[in-house]
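Let's take a walk through this structure together, starting with how far to trust it and ending with one sheet followed strand by strand. Keep the 3D view open as you read.

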Amino acid sequence: MSTVTIDKSGPTRKVKYGSMSRDRTWALRWSYFFLILFAIFSLTPPLYMLITSLKSSAEISAATNPWWVYHPTLGNYVELLTSNQFLRFFWNSAWVSIIVVTITMLISVPAAFALARMKFWGSATLATGVFLTYLIPDSLLFIPLFKMFAVFGDWTGIQLVNRWYVLLFIYPTLTVPFCTWIMIGYFASIPKELDEAAIIDGASWFQTLTRIFIPVALPGLIAATIFAFTVSWAQFLYPLVFTTSTDQLVLPVGIITTLIKGDVFNWGQIMTGALLGAAPPLIIYAFLMDYYIAGLTAGATKG
Amino acid sequence: MADVSLRKVVKRYDEVEAVRGIDLDIADHEFVVLVGPSGCGKSTTLRMIAGLEDISDGDIMIGGDVVNDVPPKDRDIAMVFQNYALYPHMTVAENMSFGLRLKHYPKAEITSRVTEAARMLDITDLIDRKPKQLSGGQRQRVAMGRAIVRNPKVFLFDEPLSNLDAKLRVQMRIEIKKVHQKVRTTTVYVTHDQVEAMTLADRVVVMNHGRIEQIGTPNELYHKPATRFVASFIGSPAMNFVPCRLEDVGGKLNVRLTDRLAFTLPPARAARYQALSRTDKLLLGIRPEHVMEARPHAEPGIEPFDAVLDVTEPMGMETLVYFTLEGSQICGRVNPNAGAQDGSPLRLAVDLNNMHLLNEVTGAVL
């Protein structure tokens, strides 16, 4: 066996930190500090929901430590997932969201393309107008909208109020302006020469959109899709106003109206329902996160 | 393939006239370069030929047909852009075949055209790559390939080499020339680089302020510029201009630059300028290669003079020398062994056989 001798008498190298690296170290420390603070702040509510969902009603009302589960049970989950009512809410939400996303994309992608690229009279004003529409809060819009659908029902005999599909007409008032706005920004970041090249290659406007712009702007498209889905899925005010019958309710409203009976709050099931309701967007985010980030930061640098 | 004609073509943006009535005839197979400074209207002219800009007035004809209202896709043209404009989500082959696929060409035809173009441009190995995996030069080759496979009537190039580094630019310049020698498609090429214009063109169109200053072969423009703008724009370093006037001394015609400096014109030049007014304000235009170190033996038309050099720029095969004459900076090209040094005097000579006289007011070359 040969021995390896390590010369410890050699000159010890002093690592000199320049001001740059010292700055960086401190910047990182502060970043972590705030990130941890933020993580605690934003993760505490879901954690509390999870803990509560695993408790029985008796344990919830008992004066024990609310942050600890002494007798864990899946009773709340079993009860909700076997309840036809809850599954009905879930399906209503799913249908509404999927159809709204489809409608939104079918409207906002061509709209954004037209506003961003086909320079026509008033296109710039219209683009700003689209954004301004988004700024009008839904709490202002729901009364006139309700009136509109009620009057429409009176005139035509087609009753849309208190039908789940009325939401298909209402949600796009929120999703279309924002998604159009996102897509305008995204399309605008695509070099003009790209559509000129396509036009010279013989593509029509429609082919330029479907074969060049949509594939190139896919991250933006996915970001807009996720946004539209999240808005539709989590919308509370409109379904609360427009739907009342239990079989027409979507998840957020359904949980509140059926699990709160008078002044009796079924906390365990409410929390379970909220957690289950949060699952689909969470799963979608997890899969499409990279695209979502890429979409939101697009145009920041010229690729 | 086809010829291209522009008749009194005007482009107005609101109040601004970007192109002010251009007449231009480009023959079949010809390689024409539009050159000029930024904002001279050259790119606008090209884009009007492509159909990407509407024309405000006049006619554009391709192959004898007026195409004013014909959309770009029906003009049978192909364009190469400055930033390549490759479709980022398609492979090289897909990029090149996009136009053919839109026109529903048979697959075998598409494949053979793409293969042929790729071979011509030496990008066969890159055919399955995406644009982001290519270097600038390779991207520009693909952009050219996309134009070639379409086999169009006219190629349009919009400053295609501006995004490349100097070395690659020279290489691609030769590449473009080779391609044109092979396919012989009528080509209109826009650049602000006069070297590119000179080296590539059959004919160069020099533009300024939305008008054509001069049309001619590279040599014509260099040796017989029509205006001061052309004279100064073509050639690098640029032509020198010194205020001067003509005077008769002892039956000979002199060009007087300063109180102390006047040159006798050689007979051929004297005959040409004899009729000019002696009181006109003139400019002597002389290219740097015609200001050189003085030779030991007198030669006809080559007049020696002394100058104190401001700056010298050794280029290796020659040294550029700069000195001031009557407030004008003059550049000369001397032999590297002539002993030119910053701040020191040097005996130089001017070759008046190659001089130009310009009207200082109108800028016209006389």
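pLDDT is the predictor's confidence in each residue, on a scale from 0 to 100. That is a good place to begin, since what you see here is a predicted model. For chain B the mean pLDDT is 90, and 100% of its residues reach 70 or more. The model as a whole scores ipTM 0.83 and pTM 0.80.

Now step back and take in chain B. Its C-alpha atoms fill a box of roughly 80 × 45 × 35 Å along the principal axes. The secondary structure of this chain comes to nine helices and 20 strands. Of its 366 residues, 40% count as buried. If you look at contacts in chain B with a separation of 6 or more, 67% of them are between residues 24 or more positions apart.

Next, turn to the place where the two chains meet. Chain B brings 17 residues to the contact, and chain A brings 14 residues. On the chain B side, β6 (77–80) and α2 (92–102) each supply at least two residues. What is the make-up of the side of chain B that touches chain A? It divides into 12 nonpolar, three polar and two charged residues.

With that picture in mind, let's zoom in on a sheet in chain B. Here five strands form an open sheet, in the order β13-β12-β11-β14-β20, with antiparallel pairing. Its edges are β13 (262–264) and β20 (356–359) of chain B, each of which pairs on one side only. On average, neighbouring strands of this sheet are turned by 40° against each other, direction ignored. As a reminder, strands of a sheet pair through backbone hydrogen bonds, either parallel or antiparallel.

Start from the β20 edge and work inwards. Strand β14 (residues 282–286) of chain B is joined to β20(B) by four bridges, and B:L283 stands opposite B:L358 in β20(B). Looking the other way from β14(B), you meet B:L283 again, this time with B:P243 opposite. B:P243 belongs to the pairing of β11 (residues 240–249) of chain B with β14(B), an antiparallel one with five bridges.

One step further, β11(B) pairs with β12 (residues 252–256) of chain B, again in the antiparallel sense and over five bridges. Here B:E247 has B:N254 in β12(B) as its bridge partner. How many residues lie between the strands in the hairpin of β11(B) and β12(B)? There are two, and in this hairpin B:G250 takes a positive phi near 55°.

Definitions and conventions
Residues are numbered from 1 along each chain as its sequence is written. Chains are lettered from A and ligands numbered from 1 in the order in which they are written. This is a predicted model: local features need pLDDT of at least 70, side-chain atom pairs count only at pLDDT 80 or more; totals for chains, interfaces and linings use all residues. Two strands pair if DSSP finds at least two bridges between them. Axes are lines fitted to C-alpha atoms, for helices over the stretch in contact, and angles run from 0 to 180 degrees between N-to-C directions. Two residues are in contact if their C-beta atoms, placed from the backbone, lie within 7 Å. Ala, Val, Leu, Ile, Met, Phe, Trp, Tyr, Cys and Pro count as nonpolar, Asp, Glu, Lys and Arg as charged, and the others, Gly among them, as polar. A residue is buried if 20 or more other C-beta atoms lie within 10 Å of its own, exposed if 12 or fewer, and partly exposed in between; C-beta atoms are placed from the backbone.
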